[in-house]
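Dear colleague,

Please find below the structure that I am handing over to you. My findings follow directly after it.

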Amino acid sequence: MKLLEEKILSCGKVLPGNVLKVDGFLNHRINVELIDALGEEFYRLFSSYTDINKILTVESSGIAIACAAARHFKVPVVFAKKGNNANVGRDVYSAEVFSFTKGTSCTINISKKYLGPEDCVLIIDDFLANGEACKGMIKMIEEAGAKLAGIGIAIEKGFQPGGKELRAMGIPVKSLVIVDSMTDDSISFRDDD
Ligand code: 5GP
């Protein structure tokens, strides 16, 4: 998606450890007009998946894009909560997820009230690196007996294994941009198919 590539090139910063910082428009200050365009593009990419009745993401950076997509699908967003949050209650699906950016593991939880066998879920997230967050969400979807329609990612880092592994599992993974390589002063993208 050209618009997102241009925004990454003009505002993104490559940090040590293969981290792309996009807090000028996605992860800290949010460019709502851009995020809405991303949501619309996810809707276009998954428009043939007519059964989708829920969008799932993980707090916090996936929430804005998930909401932008949900507005077009006209379905609710559920986000997995991090840590042992008394608010979620005890009747939860849980998964252990290793955070690429923090370098630590944490538990993510979804209340059983908000995910069940009646659901057909689209996962949306801001980044795909090693696929840990997505695999945690997939585990909970399976535990709930729900169906996974696919995974929509804003920025996939194609030089990390997550995308390849999830596609090898037969899951439709659609990324708005795929970063093929990045250095301190250059970022290159994979051509659209
Ligand atoms: P994964 O679980 O696929 O290894 O990493 C995805 C999660 O880690 C995303 O939810 C995102 O929040 C975070 N993440 C991974 N790589 C990056 C990155 O390069 N930049 C930022 N800002 N977040 C990242």
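Strand S7 is the element that contributes most to the shell around the ligand, giving four residues. Please note that this is a predicted model. Strand S7 covers residues 120-128, and it is joined by strand S2 (19-21) and helix H4 (132-144) as the elements that give two or more residues to this shell. In total, 17 residues surround the ligand. The closest of them are Leu 20, Asp 125, Asn 130, Gly 131 and Lys 157. By character, the shell divides into seven nonpolar, six polar and four charged residues.

Several polar contacts to oxygen atoms of the ligand should be mentioned. A side-chain N or O atom of Ser 61 lies 3.3 Å from an oxygen atom of the ligand. For Asp 126, the distance from a side-chain N or O atom to a ligand oxygen is 3.4 Å. Glu 132 takes part through its backbone, where an N or O atom is 3.1 Å from an oxygen atom of the ligand. As to burial, the ligand on its own has 500 Å² of accessible area, and the protein covers 90% of that area.

I turn now to the site itself. Which pocket does the ligand take up? The space that the ligand takes is the largest pocket, and the volume of this pocket is about 730 Å³. Its lining is made up of 32 residues. Those that lie nearest the centre of the pocket are Ser 61, Ser 99, Thr 101, Asp 126 and Phe 127. Ser 61 and Asp 126 thus appear here again, having already been named for their side-chain contacts with the ligand.

The lining of the largest pocket draws at least two residues from each of S2, strand S5 (92-98), strand S6 (105-111), S7 and H4. Strand S7 again provides the largest share, with four residues of the lining. The lining residues comprise 15 nonpolar, eight polar and nine charged ones.

Two features of the backbone also deserve your attention when you examine the model:

- The peptide bond that joins Glu 59 and Ser 60 is cis, with omega at about 0°. Ser 60 is placed in the loop between strand S3 (54-58) and helix H3 (63-73).
- Asn 18 is not a glycine, yet its phi is positive, at about 60°. This residue, Asn 18, belongs to the loop between strand S1 (13-15) and S2.

With kind regards

Definitions and conventions:
Residues numbered from 1 in each chain as written. Predicted model: local features only at pLDDT ≥ 70, side-chain atom pairs only at ≥ 80, totals over all residues. Heavy atoms only, no water. Near = heavy atom within 4 Å. Polar contact = N/O pair within 3.5 Å; in protein donor to acceptor, adjacent residues only side chain to side chain. Areas by Shrake-Rupley, 256 points an atom, 1.4 Å probe, with all protein chains shown as cover. 1 Å grid on protein atoms, 1.4 Å probe; cavity = no way out; pocket = protein on both sides within 12 Å on 5 of 7 lines; lining within 4 Å. Sits in = over half its atoms within 2 Å of the grid points. Nonpolar A, V, L, I, M, F, W, Y, C, P; charged D, E, K, R; others polar. Points joined across faces, edges and corners; volume = space filled by probe spheres on them.
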